[in-house]
Amino acid sequence: MACLPSAPPHRPLHAVPRPPCLSQDSVAIQDPCVRVSPVLAPHSVSGEKPETETHCADRTPRPVSATTNNKPGPKLASGPKRVQGKKPAKTVTGRRETVEEVPPLSFIQPIVFFASLTTTTEHYANVLLEDLRVAAQERANPENRERGLLPPQIHDISYVDFDDFFTTVPKPPTTSPGTRYVYCILIPSYNIDTVLNTFLSHLDETHHDFRVDTAPLSQLAGYSVFGFGDKEEWPTEEEGFCFQAKEVDRWMAKLTGRKRAYPLGMGDVKSDPETSLKEWSRGLQDTLVDILESGGLGEGVPGSGDAVESDEEDLEDEDESKSPKNTMVDLEDIQMNGDSAGPLPIDFTTIGKAISAEPTAKEMVPTTSPTYAALTKQGYTIVGSHSGVKICRWTKSALRGRGSCYKYSFYGIKSHLCMEATPSLSCSNKCIFCWRHGTNPVGTTWRWKVDSPELIFKGVKEGHYKKIQMLKGVPGVRAERFAEAMRIRHCALSLVGEPIFYPHINRFLEMLHREHISSFMVCNAQHPDQLEALHRVTQLYVSIDASNRESLRKIDRPLHRDFWERFQRCLDILREKRHFQRTVFRLTLVKGFNVEDEIIGYANLVEKALPGLIEVKGVTYCGTSTSAGAGLTMKNVPFYEEVSAFVVALNKELQRRGLKYGIAAEHAHSCCILLASERFHVNGKWHTRIDYDRFFELLEREKLDGTSFTPEDYMRETEEWALFGRGGFNPDDERVYRKGRDPDARARKAREILGIEPASWPASNPPS
Ligand SMILES: Cc1cc2nc3c(=O)[nH]c(=O)nc-3n(C[C@H](O)[C@H](O)[C@H](O)COP(=O)(O)O)c2cc1C
Ligand code: SF4
């Protein structure tokens, strides 16, 4: 039985010491029930305020209105006052650091702030306080008194002077100038006038006050916000769930100069807020350790906590549109130019020939090569010498609740649980629309050093998690999704290059499956022997970039002379595999290249391979010099209605031939439509989704006693909103469109043109 980690990897807090200035007595005041004023803190802050100490036992639940009125109002800044902060300078990472020389970080002092009208948040603030106190105590290391995590302080926002904490940052004690504060802010939301409005006004005014420096709280080591709300009354964020926590989070991003240490967390008081809080607290503690180890929040990614919150942020993958123009490395050319120093080329597709990792073999992508520089610049993490991993833009989108890629609509893959990787950056085609062409190596043979699957598996996971970690400060990322993302559930082997080029691909797949990570394998239909030898994957793709030899040659620009024969053999193999594998044709439509007059040709290919599913997608314009050189412009990108028309025509042709297919689902946002075999149409309903748990159950049973299984054994019903004609956007996600783009409108227009009316069109009777 495969070992399945039950929770996201949780790094234990490192042993951390008590600071020299902190006596046992002072620790004792960290009773979770005690609110401390700055002077009571283990490292008391320099704002010389009179001590205020309140025990929670003294506080009885207060009716909302009475509480609001009875609470002493926070002191507001009176009269013009120049805030003496140092102008923070912008660093390369975009983060603002003060110009003043800051002593190196020695201690992290968490401060829990809360506001509470009916004591719910107060209760949980004390739960968090206790969590942090235990963490600090458990990790105290008497050996190292120079650095560590301090017991937390707690403050009721209603009683603090905002100027002391939210206009400037408390000064560290003179005995320990390297102490940095982390604000942990817990607040409820009220759509009536409460102290929260006063607090929010203060943050707003401070940000807009010309007398106050930009980012006056940039001296903080970080901050994070957790909100409490009521999902029964305010079911979604759009309807106001935790809206004030979101606002505090945004203001704090501005005031700290992008120092969101951990994503905004939210708890529903009507379900199980404590679990959500504990999960957030755990993530926060990990971040405190990171800060202690690295001295700061790290690089983050562009957009992390950006003061100009990125509602209108361009969701397209910038990296991809910035493919370097002059870094083409064609290893095939190198070979032709007489690179005789390397090992003898072995056509790895010739099965049976041993593929040995020659000790003298060269690395495919050495760290010193321009290819390495180009790929890393585009955001790839290169693992070993020939593998890569990259976060796709949909992963970021899903972390922010703005929707997953089409694979969620069609197959139920949540993008924030998906890792995009490849064990071979090299490919044997030079497709005109490939984003990466010009930066990845190409070749027909494997003649490089071979890394072990163990090294690759460990490396891609680490690279993926590291990239996810970097997204924790991005505005809109939600704590629970962030925590979920720290457990990879899917792997798309389709990043760049040809994954089955890697000689130990089957061992690599086994490692994925052992950790219950599903595998979507995309092949270029050029390596029939390897395809035949490929073990079971969750879903097996071949790219079908054209319907005839000439078109394929023009589009894929294959390196193999017998490319068409290889392509045909791959289709035969796919036909065999369809009995026990989910097989998919992936068609990328390029207007002017492979669309016009090719319906009959594509239908022939379908008839030959009988794939379970056919994904049809409009090409995305990548604007590389290579594609431009091949004559590809924006004009070659089909409109959604053109893709729809193509799919309807193909479906008609398949039905005319008596092939049982139908149009199952769509994702208008990605200009992608799914045709499916009627094998996936059960009881009048499409079942294109995958039951991943069932897949692993079946796989394990097969391993154990040889019981084979079929694609039908692990299919699940397609969601209503994903069916063709419904647009394919998950209604639970927030819709954020780029200017001038509305996928729903596209889908509507397509339906109008084609005369399709979804309402009168039951899933059991898709149009032909
Ligand atoms: C008058 C009133 C207005 C509220 N408005 C919202 C709201 O707009 N959004 C939300 O998510 N929860 C709202 N809530 C729910 C509270 O935020 C929730 O009950 C919270 O746990 C209260 O925390 P407290 O006991 O610490 O004050 C409201 C509750 C009341 C009584
Ligand atoms: S399937 Fe591809 S696009 Fe979708 S989330 Fe995974 S890597 Fe990203």
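## A tour of the chain, its ligands and its central contacts

With the whole chain selected, residues 24 or more positions apart account for 77% of the contacts with a separation of 6 or more, a contact being two residues whose C-beta atoms, placed from the backbone, lie within 7 Å. This is a predicted model, in which local features need pLDDT of at least 70 and side-chain atom pairs count only at pLDDT 80 or more, while totals for chains, interfaces and linings use all residues. Residues are numbered from 1 along each chain as its sequence is written, and chains are lettered from A and ligands numbered from 1 in the order in which they are written.

Colour next by secondary structure: the chain has 23 helices and 24 strands, taken as DSSP runs (H or I, at least four residues, for helices; E, at least two, for strands) and numbered from the N terminus.

Now select ligand 1. Of the 22 residues around ligand 1, those that come nearest are T118, T120, T121, P188 and G229; a residue belongs to such a shell if its C-beta atom, placed from the backbone, lies within 6 Å of the molecule. Helix α3 (120-138) and strand β9 (222-229) each supply at least two residues, and α3 gives the most, with three residues.

Move to ligand 2, where the surrounding residues are C392, W394, T395, C405, K407, I413, S415, C418, E420 and A492. The elements giving two or more residues to this shell are α11 (393-399) and β13 (418-422).

Strand β13 leads on to a sheet, so to speak the next stop on the tour: ten strands form an open, mixed sheet in the order β11-β12-β13-β14-β15-β16-β17-β18-β20-β19, where strands pair if DSSP finds at least two bridges between them. Its edge strands, each pairing on one side only, are β11 (381-383) and β19 (661-667). Within the sheet, select β14 (residues 490-493) and β15 (residues 518-523), which pair in the parallel sense over four bridges, and find H490, whose bridge partner in β15 is S518.

Finish with helices α17 (residues 549-556) and α18 (residues 563-577), whose axes come within 10 Å and cross at roughly 105°; the axes are lines fitted to C-alpha atoms over the stretch in contact, with angles running from 0 to 180 degrees between N-to-C directions. That crossing makes α17 roughly perpendicular to α18, a term covering 65 to 115 degrees. To see the contact itself, show R549, L552 and R553 of α17 together with F563, W564 and F567 of α18.

Definitions and conventions. Angles under 35 degrees count as roughly parallel, over 145 as roughly antiparallel, 65 to 115 as roughly perpendicular and the rest as oblique.
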